[in-house]
Each structure stands twice: as C-alpha cells, then as structure tokens.
Amino acid sequence: MKSAVSACMLSVLFSMSAPHAGASPDVYRSSPSPAELCATELGRHSEATLRLQRLCDAGAKQSDLTLSGRAAAQANAGTVRIRRGDLEGAARLLSEAHAMRGASADIAISLSAVLIRLGRYDEAVLALADLDQVSEELRAKALYNRATAELQRNNVEAAFVDLRETVQLAPDFGPAQDMLKRFNVTPHALTADAQDSTRNGQP
C-alpha cells in the first residue's frame, strides 16, 4: 500500500512539473521589446520624457539585437537626448552608433546636426565626408547640414556647391533655398578675362 501511495504521489508531482520541464529560453516575446517601443514612441511623439530616455537606454543594451539593430537603438538613445537638450550626451551616443559595424549611414545626419549645434563644425563635416551610402530621400538634408558646417568654417565655395545640389535634389526644401539666396555669385573667370582685355587695350 505504501508503494502504491508513493507511486501515486510521484505521478502527481510529475504531471504538475511536466509543463515546465520542456520550457524553452525566453527568446520569443509576447510584447514589443524596449528597442521597438523606443523607436515607436520616437516616431509618434516629438517630446521626450525621462521615461522614454530610460526605455531607449534599455533598448540599446538588448543582447538579442542584430549589428544594425544595435546601432539603430544606440542612435535612438541619442535622439532622445537631443530632444531633452542633452547635446553632449547625444553627440557621444550618436558618435558611437555611427562607428558601429552595420550602422546606417543616415545616422551621420543626426550626428552632424548635434555637432553643428555644439559648434564642432570640423567634426560635422567629417561625419558627412562620404554621402554615397546615405539614403536617397535623406541626402538633401545631409548636404544641407554639411553646407551649414562649411559656412561656419568660412569654406564658402564648398557650402555653395552643397546647397546647389541640395535644391536640385529637393526644390521645395525652404531652408536651403533661403540660404542659397544669401550668396552673391561672381563669375570669377569672366571677370578675370575682362580685366586682362582692359589691360591689353581691347574693348
């Protein structure tokens, strides 16, 4: 009788524990991850709360992200800080994201915008040195940022070239149009020829 009771108890214990015995690691989520929630809320709202910053920071630390996903999550953590006015923190996180393997070249646009606001114009131009990989729909913004930084470096010709390409790509981009109107373009070669002709006594 004793053995029968023991067997019965063992049977009950096994049936209670069986669902847990075959449990798999927590890979699949029934709710969005911190990185996904961060990206969603950044897209929906223009303001950034401390709660959202913490959420995005948690997303940047997720261990199950791809290389490109990790860079994007890091960049989003930087974007939150831009909106909260922490430009130094934003520059640090965006610089790290930009340097990561698999990072989107588009991160350079946000990075350059922050660097310009911090007065770090040389770094902004360097971040936008190669625009070949920047998304076509965002290339005008990248050119505009580079032109802005070049103007602050007194590199007027480079700024003019970038602005002219900006309005060619995006004719309705108002800020670029307004900045381009401030340029007084002088045809240097033609002026030089006219001066040479005058010196030679030609009309």
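**View 1. The length of helix H8 in the predicted model**. Helix H8, which covers residues 139–152 of this predicted model, contains 14 residues, and at 1.5 Å a residue these should span 20 Å. The C-alpha atoms at its two ends lie 20 Å apart, so the span found in the model agrees with the expected one.

**View 2. The buried residues of helix H8**. Helix H8 is mostly covered, with 10 of its 14 residues counted as buried. Among them are four alanines, Ala 140, Ala 142, Ala 147 and Ala 149, and the buried residues also include Leu 143, Tyr 144, Asn 145, Arg 146, Thr 148 and Glu 150.

**View 3. The surroundings of helix H8**. The cover over the buried residues of H8 includes helix H6 (107–117) and helix H7 (121–127), together with helix H9 (156–169) and helix H10 (174–181). Just after H8 comes Asn 154, a residue that takes a positive phi of about 65°.

**View 4. The whole chain around helix H8**. The chain holds 11 helices and zero strands, so that, read from the N terminus on, every element in its order is an α element. Of its 203 residues, 32% count as buried, while the accessible surface of the chain comes to about 13200 Å², with 54% of that area belonging to carbon and sulfur atoms. Where contacts join residues at least 6 apart in sequence, 51% of them link residues at least 24 apart.

Conventions
Residues are numbered from 1 along each chain as its sequence is written. This is a predicted model: local features need pLDDT of at least 70, side-chain atom pairs count only at pLDDT 80 or more; totals for chains, interfaces and linings use all residues. Side-chain values use heavy atoms; hydrogens and water are left out. Buried means under 20% relative accessible area, exposed over 50%, partly exposed in between (1.4 Å probe, protein chains only). Contact means heavy atoms within 4.5 Å. Accessible areas come from the Shrake-Rupley method with a 1.4 Å probe; for residues, only the protein chains shown count as cover. The expected span of a helix is 1.5 Å times one less than its number of residues.
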